[in-house]
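Q: I have a structure open here and would like to talk it through with you. Can we start with the chain itself and then move on to the contacts?

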Amino acid sequence: MKKTIIEARNLYKEFGKNAVVKHINFTIAENEFVTFLGPSGCGKTTILRMIAGFEIPTSGQIFLYDKVINDIPAYLRPLNTVFQNYALFPHMDVFENIAFSMRIKKQEAKAIEAKVAELLEVVNLSGYEQRDIASLSGGQQQRVAIARALANDPKVLLLDEPLSALDLKMRKEMQIELKKIQREVKKTFIYVTHDQEEALTLSDKIIVLNHGEIQQSGTPIDIYNEPINTFVADFIGESNIIDGTMTKDFEVEFLGKRFLCVDKRPSLETDRVQVVIRPEDIEIGQCLEHTINGVVTSIVFKGVHYEIIVQCSESEYDFMIHTTDYHEINKHVGLDFGPDDIHIMKAG
Amino acid sequence: MNKNMRVLGLPYVVWMLIFICLPILLLGVYSFTDNTGNFSLENFKSFFTPIYIRILLNSLYLAFISTVICFILGYPVAYMIAKIPAEKKRNTFLLLFILPMWMNFLLRTYSWMTLLGNNGLINALLQALSLPQLNLLYNSGAVLLGMVYNFLPFMIYPIYSILIKIDENYITAAGDLGANPRQAFTKITFPLSIPGVITGITMVFMPAVSTFVIPSLLGGGQNMLIGNLIEQQLMQAGNWHFGSAASLIMMTIILLAMQFMNRFDKTQQKNMEMLA
């Protein structure tokens, strides 16, 4: 079991009368890459700002190891932040930006020089010491911001949607880069994003938020394969969410058909459940007695795969299917999926 | 497009020719000629005599001191106003500092005379308290006070408008990197506000060097400054040639001072671009 570095207990924050973070609890382990994921306004940035010390919790505690840090001002916390807009100091060159925290700590010039050179190597910008901030591209500014935040050897690096200002290609590159940097510097990264794909790619652990409440936390694979409710299922990737009933374990009924599944019946009074089937888990085959049958109503080429919408014959439910095979519009098809492609959630 | 712009610019070119270039040219002509209209350096020669040099140095000295005082008073005010979170409140405070400028300049200066004079409000008050009276008017102090009072808004406004533009994130980032509030100010806020400081200094120093109303009203003519000298030469002595020479010398000094300041500004230019 890894040691816990950051913990929130009953953390609550309101702005005016508006509750933004509602009594949440979480723990973050050392050297973990943890992502707060959620739509805008879900409170994820506020949580990060409270950890950094820019916002004071209305109630509840934030622990760094076993010490409550609520009342410690940001400049005394051994945590550093990479800001969304980078916030690089425009009147300093790359070197001075990275050296800033070390100069504040009055470190020796020799040590500062060595550290800056080392960090520039980590972020792949060796030789950029004397460059003006304004002369750097977005991606380069991003790297300088990361180097600057790492200069003080923070216990935790906080990243507030750091890639959102970059274009898609650059963003993908920086994702890989970030993961590499994290492995290299061996530090805890707390990351905030609304981009589910980014979260899945980068994180060891994802905490999904909505309306200031934690919906689910777990590894990317857990969150993707076992979403706890419709919000998570919908937010993380594309999903087909169908109402169903379940009267016993390992068997579910939806759209008028019975299917075997691998989940037990949720321990609830009602038989109603919701069924999640990922679009890539459905194969298109022939209309059969036991399959859900329908008509192809649209097919869109997405690069790697086709996105096909199949409308069910009886219920008019639209299934989304990702497949590499082409199927003509108006073709009658059957949908094929196995027991382990069916995921059962409590009815929302 | 470019051609159209040139046509549109024409009125301004004419305006500048008539009201800027021509007067300066005339100034040059007057200052380099004598009464008979012949070329002469006599005007400059007579300016560079101890009595006029003293006037010049005194003007520069008072303008410098009042600029420094304006900066010391103005920067904190600009900073505090810029830090007010509510925009409406901010604008109200700013207005309070700008408001006196809506009144006539002479009126404002005259009202200081009634406050500072021997029979003025302050001395009346002292008398009522049976304290000794003070000589408040007609000295360098009164002139300085008049300059600071009149030109302070010119210092506050440019500093304020640059401070308000500084991204709060820079300050947050400095704090995040371990700078306490004082360090964040000296290392981030102040360096980033230097373009505003330079504009403020220029805006205060220039009118302070050339003013003649303030020293003649509050200084009582005992404190002759270069502005008074020029006014006296042109309006009273009728010596346009010497007056022009003095003007030209003053303009040159201001120009040199501005060049000097601009050198600081150059290094800050890119910061301005980032802030904009």
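Q: What percentage of the residues of chain A count as buried?
A: This is a predicted model, and in it 40% of the 348 residues of chain A count as buried.

Q: And how many helices and strands are there in chain A?
A: Chain A has 8 helices and 20 strands, and its C-alpha trace spans about 80 × 45 × 40 Å along the principal axes.

Q: Into which domains is chain A divided?
A: The division gives domain 1, covering 4-230, and domain 2, covering 238-346, and the C-alpha centres of these two domains of chain A lie 39 Å apart.

Q: How many residues are in contact between the two domains of chain A?
A: On the side of domain 1 of chain A there are 6 residues, in contact with 5 residues of domain 2 of chain A; by class, the domain 1 side consists of 2 nonpolar, 3 polar and 1 charged residues.

Q: Switching to the other chain, how many residues does the contact take from chain A and from chain B?
A: The contact takes 19 residues from chain A and 19 residues from chain B.

Q: Which elements of chain A each supply at least two residues of the side that touches chain B?
A: Those are strand E6 (79-82) and helix H2 (94-104) of chain A, with H2(A) giving the most to that side, namely 3 residues.

Q: How do the residues of that side divide by class?
A: The side of chain A that touches chain B divides into 11 nonpolar, 6 polar and 2 charged residues.

Definitions and conventions: Residues are numbered from 1 along each chain as its sequence is written. Chains are lettered from A and ligands numbered from 1 in the order in which they are written. This is a predicted model: local features need pLDDT of at least 70, side-chain atom pairs count only at pLDDT 80 or more; totals for chains, interfaces and linings use all residues. Two residues are in contact if their C-beta atoms, placed from the backbone, lie within 7 Å. Helices (H or I, at least four residues) and strands (E, at least two) are DSSP runs, numbered from the N terminus. Ala, Val, Leu, Ile, Met, Phe, Trp, Tyr, Cys and Pro count as nonpolar, Asp, Glu, Lys and Arg as charged, and the others, Gly among them, as polar. A residue is buried if 20 or more other C-beta atoms lie within 10 Å of its own, exposed if 12 or fewer, and partly exposed in between; C-beta atoms are placed from the backbone. Domain bounds come from an automatic or database domain assignment.
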